[in-house]
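Here's a quick tour of one structure, with an eye on its main pocket and on how its helices pack. Have a look first, then read on.

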Amino acid sequence: MQPRMQVLQGDITTLEVDVIVNAANSSLLGGGGVDGAIHRAAGPELLKACQQVRQQQGECPPGHSVITTAGNLRAKAVIHTVGPVWHGGGEHEARLLEDAYRNSLLLAEANGYTSIAFPAISTGVYGYPKPAAAEIAVNTVSAHLIRRPQLQQVLFVCFDAETAHLYQHLLTQQGEES
Ligand code: ADP
């Protein structure tokens, strides 16, 4: 049987999955890194959708997620989640990162989707140490998937080889392959 969690090295914007997760900032109005890449690939429709959410709900706090259409992307929807900024580990960063993953999975399920791709949330400009963030990502997703059959495929999309190796190692330990 195909493992439900897999690692991919590459650009998340090119994937044909139901949902792509964006590592957004609280403004939801775009930024650099993966956020900028997703908005560039999706086109202006995505920004418009984010502006609407923003008008209805205000800012998106760390650990929370919102869903929009996906503009020109091959995905059906984008889930924008806000990871924590790393302040040294004493400001609930681990819990907030777990929340960002878990709330994104719940939102994808609530919308009836079966496949989802995550970037390595918070490990760019937000400075979360990559090994610790990868462990939280894999543990949170794997705990969530137990007894929840709806999500068939969860991809961890790594931009660099170092991150891909970290995930690979963790998934091998979990008995999953990539
Ligand atoms: P954050 O602000 O949450 O730290 P960043 O976008 O700065 O978000 O970085 C999050 C991760 O996304 C980093 O590991 C970065 O290398 C990665 N990344 C950047 N662009 C892409 C992309 N096109 N596809 C997948 N991952 C990406």
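## The pocket and the helix packing

Strand S2 (19–24), helix H1 (33–42) and strand S6 (153–158) each put at least two residues into the lining of the largest pocket. Keep in mind that this is a predicted model. H1 is the top contributor to that lining, giving 4 residues. In all, 27 residues line the largest pocket, and those nearest its centre are Ala-23, Gly-33, Val-34, Ala-120 and Gly-124. The pocket's volume comes out at about 550 Å³. As for the character of the lining, it splits into 13 nonpolar, 10 polar and 4 charged residues.

H1 also has a helix partner. Its axis lies 6 Å from that of helix H2 (residues 44–57), and the two pack at an angle of about 115°. On the H1 side the contact uses Ile-38, His-39 and Ala-42, which meet Pro-44, Leu-46, Leu-47 and Cys-50 of H2. That contact has 6 nonpolar residues, 1 polar and no charged.

Further along the chain, how do helix H3 (residues 93–110) and H4 pack, and at what angle? Their axes are 9 Å apart and the angle is about 40°, so H3 and H4 count as oblique to each other. The crossing is right-handed. H3 brings Ala-94, Leu-97, Glu-98, Tyr-101, Arg-102, Leu-105, Leu-106 and Glu-109 to this contact, while H4 brings Ala-133, Ile-136, Ala-137, Thr-140, Val-141 and His-144. Sorted by class, that's 9 nonpolar, 2 polar and 3 charged residues.

H4 (residues 130–145) has helix H5 (residues 161–173) as a partner too: their axes come within 10 Å and cross at roughly 45°, which means H4 is oblique to H5. This crossing is right-handed. From H4, the residues in play are Lys-130, Pro-131, Ala-134, Glu-135, Ala-137 and Val-138, and they meet Glu-162, Thr-163, Leu-166, Tyr-167, Leu-170 and Leu-171 in H5. The class split here is 8 nonpolar, 1 polar and 3 charged. Ala-137 turns up in the H4 contact with H3 and in the one with H5.

Here are the three pairs in brief.

| Helix pair | Angle | Axes |
|---|---|---|
| H1 and H2 | about 115° | 6 Å apart |
| H3 and H4 | about 40° | 9 Å apart |
| H4 and H5 | roughly 45° | within 10 Å |

Definitions and conventions. Residues numbered from 1 in each chain as written. Predicted model: local features only at pLDDT ≥ 70, side-chain atom pairs only at ≥ 80, totals over all residues. Heavy atoms only, no water. Axes fitted to C-alpha atoms, helices over the stretch in contact; angles between N-to-C directions. Parallel < 35°, antiparallel > 145°, perpendicular 65-115°, else oblique. Left-handed = near helix turned anticlockwise from the far one by under 90°. Contact = heavy atoms within 4.5 Å. Nonpolar A, V, L, I, M, F, W, Y, C, P; charged D, E, K, R; others polar. 1 Å grid on protein atoms, 1.4 Å probe; cavity = no way out; pocket = protein on both sides within 12 Å on 5 of 7 lines; lining within 4 Å. Points joined across faces, edges and corners; volume = space filled by probe spheres on them.
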